[in-house]
Amino acid sequence: MPQDNQELLRQLPKVDELFLSRELTSVFADVPEKVGKDIVRSSIDEVRHRILEGSAQAVDLADIIADIRVKVMLSKRSSLRHVINASGIIIHTNLGRSPLADAALHAVLEVAGGYSTLEYDSDRRVRGSRHAHVETLICQLTGAEAAIAVNNNAAAVMLVLSEFACEKEVIVSRGELVEIGGSFRVPDIMALSRARMIEVGTTNKTHLYDYERAISPETALLLKVHPSNFKMIGFTESVSLSELKELSTKCGVPLYEDQGSGVLFDLACFKDCAEPTVASSLKLGCDLVSFSGDKLLGGPQAGIVAGSKQYIDRLKKHPLARALRLDKMTLAALEATLRICLDEQRALNEIPTLRMLTTPKKDLLQTAERLKDLLEKSVSTNDARFAIVDEISRAGGGSMPLCDIETYAVSIDFRQGSAEKLNAYLVSQRDTPIVTRTHDERILMDVRTILNDDELVEISNAITAFFMQR
Ligand SMILES: *Cc1c(COP(=O)(O)O)cnc(C)c1O
């Protein structure tokens, strides 16, 4: 090793001494000792590594301290934290799908910090069932006889298949074997539930006779899967629920629909894009319908199965129901969300997902103008130009994929910096990432998914700070 490298290595500070040094006292004030020392060690190790590589000319204590400061700051940052969504994708799976309504948040707070009636029947003073908190509400809202809620809709599908079709046959159309949300695949859940999948029809066309021919003494379930994020156009044909119901009755095999989105209201404003309601599928004769809690319902992550009491009772007794059960916080949020849904108008106002989906474009203009004004007041026209543009928001989460939801966005055209650089700043260099859309070197901020005025001001401040640092 060259002489001067040895000399540099000797100059490296000692971990314990640097940890206790005056410059770092305030930095480490509320950091556990072990965490603090690990950070000091890793910063020193990095310099040592550079010396050995030959890429360090000197040991600069100020640099090491600056590096430690940044690492301490990052170590305090929660991994799971708030994000501002200006992407215009309402049910954004990567950003946590549906923000909860205020009443749902209050309900979570109320049960989370103390004891609760989770499995306690306070009327009869005996052990109660955790299913009871949401079952009646789901029945009122969907017309079902009974219901059960589990961890998510993937879990609901698995529970149904495991109970009714383990080592038996399930008939499903080839046109419905889709992958949803990156990792939910019907054939995989089938395999996991040890159900034998009998595929019928072709990708684009499945007829009733395809199902009829596949019926055997081994058939345990007819499955219909809502294709969610996938839409076929052209020569397509699928079998309606009412036709399947006739077949199911004739053969004495239950009919189950995995609906995915789980909308409770007829969202007539979406015309052809509107998804069938849970109530309509049950009315058409489905014995069981399952759907997500955090898609069009706008509640917490959950999977709900609604349908005939005789079948739901079987699901409740399955060992998987225990493994997939909901915790008290989710149940509290789900119960509160369902309660709001008893009044449709209240639901459209108070459940953020439903409110964002149904706010008319014209009601968003004022928000867009406010954002543009804030930005124009603080960012020089030499740095960027802002404009209000017509754009399209998306429902996301595999719901209503073809639905163009008209919206306003504020666009940024760059004179200094670039869309790429601003994006890196907004997402990676802030405690609260701000997610936008990029299109042709322009940043677009869709105001539909910005939740309140605080978020609006924060976006403006962040963009101002980006141009100031340049
Ligand atoms: C979204 C979806 C699922 C998965 O639901 P999760 O709640 O995300 O587990 C399953 N089936 C369909 C049809 C879906 O749209």
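Visitor: Which residues are around the ligand?

Guide: They are Arg97, Asn152, Asn153, Ala154, Ile180, Phe184, His226, Ser228, Asp258, Gly260, Ser292 and Lys295, where a residue is near a molecule if one of its heavy atoms lies within 4 Å of it. The model is predicted, so local features need pLDDT of at least 70 and side-chain atom pairs count only at pLDDT 80 or more, while totals for chains, interfaces and linings use all residues. Residues are numbered from 1 along each chain as its sequence is written, and side-chain values use heavy atoms, with hydrogens and water left out.

Visitor: What makes the pair between the ligand and the side chain of Asp258 a polar contact?

Guide: A polar contact with the ligand is a pair of N or O atoms within 3.5 Å. A nitrogen atom of the ligand is 2.7 Å from an N or O atom in the side chain of Asp258, and therefore the pair counts. An oxygen atom of the ligand also lies 2.9 Å from a side-chain N or O atom of Arg97, and a backbone N or O atom of Asn153 is 3.0 Å from a ligand oxygen atom.

Visitor: Why are three residues of the shell around the ligand called charged?

Guide: Asp, Glu, Lys and Arg count as charged, Ala, Val, Leu, Ile, Met, Phe, Trp, Tyr, Cys and Pro as nonpolar, and the others, Gly among them, as polar. The shell includes Arg97, Asp258 and Lys295, and its residues therefore divide into three charged, three nonpolar and six polar.

Visitor: How much of the chain counts as buried?

Guide: Of its 470 residues, 49% are buried, meaning under 20% relative accessible area with a 1.4 Å probe and protein chains only.

How values were computed. Polar contact = N/O pair within 3.5 Å; in protein donor to acceptor, adjacent residues only side chain to side chain. Buried < 20%, exposed > 50% of the residue type's maximum accessible area, 1.4 Å probe, protein only.
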